[in-house]
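Consider the structure shown here and the features that can be read from its atoms. The paragraphs take these features in turn.

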Amino acid sequence: MIELPLIFLGGLLGSAHCVGMCGGFAVSIGLGSRGLADNIARQLVYTTGRIFTYSFLGVVAGYAGFWIAGKSNLWVNAQAALCLIAGVLLLAQGLLALGIVPRRRWPRVQGGGSVCLVGTFVGPFLTSPRVSNVLIAGVLTGFLPCGLVYGYLALASSSANMGAGLLTMCLFGAGTAPLMILAGAGGSLISHAARRNLMRISAICVALTGLISCARGILFVQIAPAPEVVRCLFCGPSS
Amino acid sequence: MTPLPRESVCDYCKLPLPYSPRGSPRSARDEQAPLYCCLGCRVASVIVEEKGEHGVPRTMLLRLGLSIFFTMNVMAFTMALWTTDVYGQSAAPSTLSLSLAGMFRYLVLLFSLPVLFLLGLPLFEHAWISLRQRVFSTDWLLASGVAASFAYSFLSVMRGHGPIYFEVGCFILVMTTLGRWLEVTGKLKAGAALDALARLLPERVRRISEGEDEVPLDEIRIGDLLRVLPGERFPADGRVENQAGLVDEQVLTGESRPVLKEPGDRILGGTLNLDADLRMIVTETGEKGTLARAVELVRLARQSQGRYQRLADQVASRFVPLVSAVAVVTFAVHCALGSVERGLWAALAVGLIACPCALGLAAPLAIWTALGHAAAHRVLFRSGEALERLAEIVAIRFDKTGTLTTGSAAVSHFFNDHTEMPETIQARAAALAAVSSHAMSRAIVEFAGSRRLTQAASISDVRVVPGFGVIGLLAPDKIPIVLGSRRFMRDQKLLVAPVLEWEMHGAEARGLPLALIGWGGRVRGLFIFEESWRPAAVAVMRSLTRRNIDVAVLTGDHGSRGRAIAEQLGVKVEAELLPAQKVAAIEQARSTAGPVCMVGDGINDSPALAAADVGIALGCGTDLSRDSASVCLLEDDLRRIPWSIELASRTRRVIRWNLLWAFGYNSVGVACAAVGLLNPALAAFLMVASGTLVTINSLRLGRTFEIEIDQGDSTAAASPLGSMASKELSGRPAAIDGLAQSEQFLTLETAAR
């Protein structure tokens, strides 16, 4: 899989985006710590929880891809379609992050939506001093809606293989780890400008992964086995 | 509406307990044990208690989190098993894949045991406790289904062949607990607006005894002397002790202008001290304070049952036994026609999909959210039923004095004897009136102020002559200048010019109050007072009429005055009514039109308020004891009436939608599950989704909304003196204009010109 390093890089650099979105969680995790070493340990546990969830989602996506491919290989090349969908999703994510495609503002839910309800569930785990709670906080925040995660999940499903799906998402999660841990442990070690530049590179990585996936999809379409010519029972093969 | 007795409600959510076949569910043996309607409430009550103590989640929430973690593992390995199963169909299974599958089965068992322990045990415990307390809920159905799926799968793993359903059991346990947790969180959120009100009181207060010391709020007693700094909220009701200061009472009275409190004035707990270092003597503490009583009032309202809630509860109470029967029949039929496994499968799906949580939440959650939202906007409903009834009213009756009118005077006309400039006379009158706090004096000051009469009046030695008026000395000759009653003018030997005499007779004939000003042997000016309409009175009448509500005003005024009012407001007026006749008018409206709402100030119209289907009392902010009304507006803003009606009809809409959804979803779901079309895991997910949908739909009622009350032409259309009124409006100082952009200051004009 040519894009595995790109996935890691996309995760690594894309975590500049993660810090913007989910950095608050990492900082809250740090709040319950006693000193730097403890804090880094907590961040590691928290990240492990997140990677666990991503990997789980990768497995589910891989299974879903496998299942779809198994159900539908008679009438459509599912893997090619999944590759194309994932590619378009990732490409869109990358272009959105680069600011090339204008971002549409979704109407905000006021007065308590489902996100707020979930927030009350995750919240207590974040600042709890116990390590098991930190792990669960990581597991739960892994489920939070995120465009980047969805893009890579689509990629994972396009592999139509549970192992590959697990690997994809695990690498993505591992990629997001360094910056999130830094953000949680040291506050903002990276300047705002540097973060913006990182986000640009990351967006390019994501878009590139998308392009590769698209190309793979097109390749799949081309090399798909040509349907067997139905031969007439009566006239038989022309010879 | 009285709250239900404690015996029949859940100790956490205060909803009625499900159907109990044998008498009271609280037997003597379990007198002290808390009763919960469902596992969710049991879980939530534990969590809330824990959060209340330490702010960290302990056992219960941790259990749920850990279970989610383990369930994810179970699902992953189960999926891996499924893929080998599929591979197994297509090709001959290799030894490796067979041994791998065998290991995965044990791994799934290993990972699902903690879930069974963490979430299964509380479920079994709850099912057992409710059985002992003779409260029947779907929990025992659920518990038996989960137990069966685990037992069956365990045997399969041990035997080495046969299907396993650990993932279904785990998923059901996690989903039901999570779903109920979300529902209970929704309930808590519905009460959040109310809690915000309750939290207005500071936790610690400065008490002055020998020195000054900080003590917790609940330690203060009546008679204590407290110090409240600028920017702090008053911790209790009391009286100002040391000096005057400005107080923001908006939270309780809706009045956005700061109120000047002088020593001896009453202070309400929860209001904001703006600028002075005040000391106060406590007159009411704790639960007897105004704010606490307001919060308590809404709490009681939440516990009372409305009609929709009773309907849902009646259905829910029949539901559990019915569903149990359906589940048993389903199990038996599928066992006979198919296999035990299929029977178990279908019965479990029936039990899951039929969980009446959505049904139980449909009405109360919407009502709680609406009650809390209303309370945050200073509208207190005494019961959920009042809210439901308000949505149904077709007629509304207003008391006039103190309800549609402000109860204070306003200058409607000014006449002079043409010996002086009117501006000079008004400015001098205002200078005299400024020293008195009499309602008419304030009206004169306001009238002069509205015309921006700022010229120096050069009057000295002003003093009040109680019962007569105000007297001062006019520079440069130090001649006496007098403002007051006609008798005061006679005493001061001031002559009334014929032109003023004529106007005065006219006003006196109509019973209108008046005041005179004079100096140098002559009465120079005449002020005639009128009641003034509350802001937006006309616009509110129109808004109500537009909603096809039959609007009328009930007044004790003379018939001719009534006709004038009818012309002013554009609605029917029933005049010359005694208080008892107002009750008769309400009853007549009910018989001719339908459910009727009465709006009054709650002081002299309580019989009519009590007689109406919904009674709304205005200005209860300082006096919550007006309990003849089922709705109390803390402020005097009439626009809250159409707002409340809109809120009520929105609430009704949400409740109906919720009930329709819950009934429909449950019926269709049970039917599908009974014929075996529904996977139990999917049923568990649907159950959570349905409850969450109802929760989110109900919480929508907490969003702010605006009602359209057109203000545009109401002044000109309503008042014959439209142009003059609008001139007055534009000349009003910013402080008064700032009250509300839409505020109008209509003066009722009945004096013939």
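What follows goes through strand pairing, salt bridges, a cavity and the cysteines.

The model is a predicted one. A convenient place to start is strand β18 (550-554) of chain B. This strand is mostly covered, with 4 of its 5 residues buried. Two pairings are described for β18(B). With strand β11 (residues 395-399) of chain B, β18(B) pairs in the parallel sense, and 5 bridges connect them. Within that pairing, B:R397 has B:A552 as its bridge partner. Strand β19 (residues 572-574) of chain B also runs parallel to β18(B), joined to it by 3 bridges. Here B:L554 is the residue of interest, standing opposite B:E574 in β19(B).

A second set of strands in chain B shows the antiparallel arrangement. Three elements, in the order β6-β5-β8, make up an open sheet of 3 strands with antiparallel pairing. Its edges are β6 (259-261) and β8 (272-273) of chain B, each of which pairs on one side only. Between strand β5 (residues 245-248) of chain B and β8(B) there are 2 bridges, again in the antiparallel sense. B:D248 is found opposite B:L272 of β8(B). In both sets, the general point applies that strands of a sheet pair through backbone hydrogen bonds, either parallel or antiparallel.

Side-chain contacts between charged groups come next. How many salt bridges does a search of the whole structure find? Over all chains, the total is 17 salt bridges. Several of them, in chain B, can be placed on the secondary structure.

One of these pairs returns to the surroundings of β18(B). The side chains of B:E646 and B:R547 meet in a salt bridge, with an N to O distance of 3.0 Å. B:E646 belongs to helix α22 (residues 640-674) of chain B, whereas B:R547 sits in the loop between α18 (537-546) and β18 (550-554) of chain B, so this contact ties together parts that are 99 residues apart in sequence. The two partners fall into separate accessibility classes: B:E646 is buried, at a relative accessible area of 15%, and B:R547 counts as partly exposed at 30%. The cut-off that divides them is 20% relative accessible area, under which a residue is buried.

Another salt bridge joins B:R590 to B:D613, whose closest N and O atoms are 3.0 Å apart. B:R590 is part of helix α20 (residues 579-592) of chain B, and B:D613 is in the loop between α21 (606-611) and β21 (614-617) of chain B, so the parts tied together are 23 residues apart in sequence. B:R590 is partly exposed, with a relative accessible area of 30%. B:D613 is partly exposed too, with a value of 22%.

In a third pair, B:R486 forms a salt bridge with B:E501, and the closest N and O atoms are 2.3 Å apart. This pair links helix α16 (residues 486-491) of chain B, which holds B:R486, with helix α17 (residues 498-509) of chain B, which holds B:E501; the two residues are 15 residues apart. B:R486 is partly exposed, with a relative accessible area of 21%, and B:E501 is partly exposed at 21%.

Salt bridges can also link up beyond a pair. B:R206, B:E212, B:R227, B:E232 and B:D277 are connected in a network of them.

The interior can be considered through its cavities. There are 2 cavities of 30 Å³ or more, and the largest has a volume of about 70 Å³. Which elements give two or more residues to the lining of the largest cavity? They are α4 (139-159) and α10 (340-353) of chain B. α10(B) gives the most, contributing 4 residues. Among the lining residues are B:S149, B:Y152, B:E341, B:W345 and B:P680. By class, the lining divides into 7 nonpolar residues, 1 polar and 1 charged.

The cysteines close the account. A disulfide is a covalent bond between the sulfur atoms of two cysteines. Over all chains, the search finds 0 disulfides. A:C214 is in none; its nearest cysteine sulfur belongs to A:C83 and lies 8.9 Å away, whereas a disulfide requires the two sulfur atoms to be within 2.5 Å. A:C214 counts as buried, at 14% relative accessibility. In chain B, B:C335 is partly exposed, with a relative accessible area of 24%.

Definitions and conventions
Residues numbered from 1 in each chain as written. Chains lettered and ligands numbered in written order. Predicted model: local features only at pLDDT ≥ 70, side-chain atom pairs only at ≥ 80, totals over all residues. Heavy atoms only, no water. Buried < 20%, exposed > 50% of the residue type's maximum accessible area, 1.4 Å probe, protein only. 1 Å grid on protein atoms, 1.4 Å probe; cavity = no way out; pocket = protein on both sides within 12 Å on 5 of 7 lines; lining within 4 Å. Points joined across faces, edges and corners; volume = space filled by probe spheres on them. Nonpolar A, V, L, I, M, F, W, Y, C, P; charged D, E, K, R; others polar. Pairing = 2+ DSSP bridges. Salt bridge = Lys/Arg side-chain N within 4 Å of Asp/Glu carboxyl O.
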